Amino acid sequence: MKKEEKVDFDLSTLTLQELIETYNNITDFIKYLDENKIEVEEVSDDE
């Protein structure tokens, strides 16, 4: 079984500029995910 690896991410060590860049990167990534959603079609068992 593979051991789960965790990353300690302490925002308090970042400067204000780094926090703003991180926030922008996260919001851009979320926007990208939202724009590239894969639509799932429901398939009925009637066929």
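**Phe-9, its contacts and a nonpolar patch**

Beyond its neighbours within four places in sequence, Phe-9 is in contact with Leu-14 and Thr-22. The model analysed here is predicted. Phe-9 belongs to the segment that precedes helix H1, which spans 16–35. Despite these contacts, Phe-9 is exposed, because its relative accessible area of 57% lies over the 50% cut-off. Phe-9 and Asp-34 are 25 residues apart along the chain. Their C-alpha atoms are separated by 25 Å.

Phe-9 also takes part in a nonpolar surface patch. The patch covers about 620 Å². Val-7, Leu-11, Leu-16, Leu-19 and Ile-20 make up this patch together with Phe-9. One of these residues, Leu-19, is found in helix H1. Leu-19 has a relative accessible area of 32%. This value falls between the cut-offs of 20% and 50%, so Leu-19 is partly exposed. Within the patch, then, Phe-9 is exposed, whereas Leu-19 is partly exposed.

Asn-24 likewise lies in helix H1. Its relative accessibility is 36%. Asn-24 therefore counts as partly exposed, as the value sits between 20% and 50%. In sequence, Asn-24 and Lys-6 are 18 residues apart. In space, the distance from C-alpha to C-alpha is 23 Å for Asn-24 and Lys-6.

Methods:
Residues numbered from 1 in each chain as written. Predicted model: local features only at pLDDT ≥ 70, side-chain atom pairs only at ≥ 80, totals over all residues. Heavy atoms only, no water. Helix = DSSP H or I, 4+ residues; strand = E, 2+ residues; numbered from the N terminus. Buried < 20%, exposed > 50% of the residue type's maximum accessible area, 1.4 Å probe, protein only. Contact = heavy atoms within 4.5 Å. Patch = residues over 30% accessible without salt bridge, like charges linked within 9 Å, V, L, I, M, F, W, Y side chains within 5 Å. Areas by Shrake-Rupley, 256 points an atom, 1.4 Å probe, with all protein chains shown as cover. Salt bridge = Lys/Arg side-chain N within 4 Å of Asp/Glu carboxyl O.
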